[in-house]
Amino acid sequence: MQLPLWTYEGPPHVGAMRIATAMREVHYVLHAPQGDTYADLLFTMIERRTERPPVTYTTFQARDLGSDTAQLFKDAARDAYARFKPQALLVGASCTAELIQDDPGGLTQALNLPVPVIPLELPAYQKKENWGAAETFYQLVRHLAVKSSEPRAKGDKPRCNILGPTALGFRHRDDVREIRQLLAQIGVAINVVAPLGASPQDLARLADADFNVVLYPEVAHQAAGWMARHLGQPATKTIPIGAGATREFIREVAALAGLDPDHAADLAASEAHSHAPWYARSVDANYLTAKRVFVFGDASHAIAAARVAATELGFKVVGLGTYSREFARDVREAAALYGIEALISDDYLEVEAAISAAGPELVLGTQMERHIAKRLGLPCAVISAPVHVQDFPARYSPQMGFEGANVLFDTWVHPLMMGLEEHLIGMFRGDFEFHEDAAPSHLGGPAAAAAPPAALIDVPAPPAAWAPDAEKELRKIPFFVRGKARRNTEAYALSKSVPVITVETLYDAKAHFSR
């Protein structure tokens, strides 16, 4: 266990809290000292939830260690049930309380509460947040899902469960809305969405579906595997991020639902309003081809983002990595497709060094990479948790589906476009025709008045000579503004009576016309 300044994942009990907070009628009793109650801020401050997470802490203090902390936990569990009356109770210990070894599961079972009690064994010094979320969801499914004794009636519309969205998840709320719409368009009904918005009673109905849609493998892969083995429900493997992956996802869902995959894909595409593929092929986006991009995040989002960047936007992937060590093999296989070596690390300093060495023109990463890119002077777009408050927008902004492809295009391409715009503004700022006080040229009059004096036009002075090193530096300027840079520099040299333009003169002129 490391204690760095920044961390990509919290301890596993934070993952358990994300599941409990996402669900209804579930309460989590956490054996924890007073200092481990910070996790409330993750939901009320970052996700901007209107209520506290459904968590009761024992909040023992140093003086309690000399007495009976086990009794303290039993009292907290009994009081939590009496106050909140949940349909199921999760119990566990934080990383600090794990050292006391009070056995929250056994202590709660001895209380004989009239609801299912699900003990969570989350080794805080070996595992992290996403693993804790996956283990918690798996335990809930294993304890609460009930296999139906009767087969479903033939002729019913095919049904699926949507698995994986949680509280504090990156755009999970909007992704679920987008995928709901997509499934409805192709004629697939939704049985249960879990854990987000589900209750223990909903989990009991999971077996009523024909198959499972796994949107976030980091959370749902373990539960989906158990359901495949014990409930006979296959699960999707395609993550619908990007227009291409969304079409593949629709075909995969249609095959599992017993529908015509090609017809389903055509139907969904006809209903969608996805502009991203056309924009990516347009003349305006041509200059983005082969832009160097570095991708880092959780495994599912990083792999999907690299694919979209390479196959849909024409970027060159120069770096791909993840902090999700449980999915390291998948990321390494994806990186091999781009001829690079995957970065598997949860050390943000190592990630920063890799970004700096790769020299990308765009970074796609987490909140941490946003800070790294800012220090390196690079544009960045967030594609994965961990995230901050600005990544929980009030607007509808999915990452998945056809609308998600539109969001990705806007979010990734606009920083590059604005970078070019700022460069052009800087180069043209001193121009007599395009300066900020000039009227639009098509209106005539004022623009003509801003023209240079006639004396300068009628009797042009000879331009200053260019030194070889200055000519070489000039060639580094983009071709479409190089002529303007040459003219501005020569005008500056003339005004200063400089006979030979050097590199210093070139930069002095740039600074003069940028004021």
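# Loops, helices and packing in a predicted model

Me: Is K85 buried, exposed or partly exposed?

Reply: In this predicted model, K85 has a relative accessibility of 48%. Buried would require under 20% and exposed over 50%. The value for K85 falls in between, so the residue counts as partly exposed.

Me: Which loop holds K85, and what is notable about its phi?

Reply: K85 sits in the loop that runs between helix 3 (69–84) and strand 3 (88–93). K85 is not a glycine, yet its phi is positive. The value is about 50 degrees.

Me: Where does L168 lie, and what is its phi?

Reply: The loop between strand 5 (159–163) and helix 6 (172–185) contains L168. With a relative accessibility of 13%, L168 counts as buried, because the limit is under 20%. Its phi is positive although the residue is other than glycine, and lies near 60 degrees.

Me: Which residues does R18 touch, and is R18 buried or exposed?

Reply: R18 belongs to helix 1 (residues 12–22). Leaving out residues up to four places away in sequence, R18 touches F43, E129, N130, T166, A167, L168, G169 and H172. L168 in that list is the loop residue with positive phi. The relative accessible area of R18 is 5%, so R18 is buried.

Me: What span should helix 6 have, and what is the distance between its end C-alpha atoms?

Reply: Helix 6 has 14 residues, and the rise is taken as 1.5 Å a residue. The expected span uses one less than the number of residues, which gives 20 Å for helix 6. The distance between the end C-alpha atoms agrees with this, at 20 Å.

Me: Which residues of helix 6 are buried, and which residue just after the helix has a positive phi?

Reply: The buried residues of helix 6 are H172, D174, D175, V176, E178, I179, L182 and L183. An α-helix has 3.6 residues a turn, so residues three or four places apart point the same way. Just after helix 6, a positive phi of about 90 degrees is taken by G187.

Me: How far apart are the end C-alpha atoms of helix 12, and what is expected?

Reply: Helix 12 covers residues 299–311, which is 13 residues. Among its buried residues are A299, S300, H301 and A302. At 1.5 Å a residue the helix should span 18 Å, and the end C-alpha atoms agree, being apart by 18 Å.

Me: How are helix 5 and helix 8 oriented to each other?

Reply: Helix 5 (residues 129–144) packs on helix 8 (residues 217–230) with the axes 7 Å apart, in a right-handed crossing. Residues that meet across this pair include N130, A133 and F137 in helix 5 and V219, A223 and W226 in helix 8. The angle is about 30 degrees, and angles under 35 degrees count as roughly parallel. Helix 5 and helix 8 are therefore roughly parallel.

Me: How are helix 14 and helix 15 oriented to each other?

Reply: Helix 14 (residues 348–358) and helix 15 (residues 367–376) have axes 10 Å apart, and helix 14 passes helix 15 in a right-handed crossing. Y348, V351, E352, I355 and S356 in helix 14 meet M368, E369, I372, R375 and L376 in helix 15. The angle is about 45 degrees, which lies outside the ranges for roughly parallel (under 35) and roughly perpendicular (65 to 115). The two helices are therefore oblique.

Me: How far apart in space are S356 and L376?

Reply: S356 lies in helix 14. S356 is partly exposed, because its relative accessible area is 48%. In sequence, S356 and L376 are 20 residues apart. From C-alpha to C-alpha, the distance in space is 7.5 Å.

Me: Which prolines follow a cis peptide bond?

Reply: The bond from A194 is cis with omega near 0 degrees, and its proline is in the loop between strand 6 (189–194) and helix 7 (200–203). The bond from A385 is cis with omega near 5 degrees, and its proline is in the loop between strand 12 (380–382) and helix 16 (401–428). The prolines are P195 and P386.

Me: What share of the chain is buried?

Reply: The chain has 21 helices and 14 strands. Of its contacts with a separation of 6 or more, 71% join residues 24 or more positions apart. Among the 515 residues, the buried share is 50%.

Definitions and conventions
Residues numbered from 1 in each chain as written. Predicted model: local features only at pLDDT ≥ 70, side-chain atom pairs only at ≥ 80, totals over all residues. Heavy atoms only, no water. Helix = DSSP H or I, 4+ residues; strand = E, 2+ residues; numbered from the N terminus. Buried < 20%, exposed > 50% of the residue type's maximum accessible area, 1.4 Å probe, protein only. Contact = heavy atoms within 4.5 Å. Axes fitted to C-alpha atoms, helices over the stretch in contact; angles between N-to-C directions. Parallel < 35°, antiparallel > 145°, perpendicular 65-115°, else oblique. Left-handed = near helix turned anticlockwise from the far one by under 90°.
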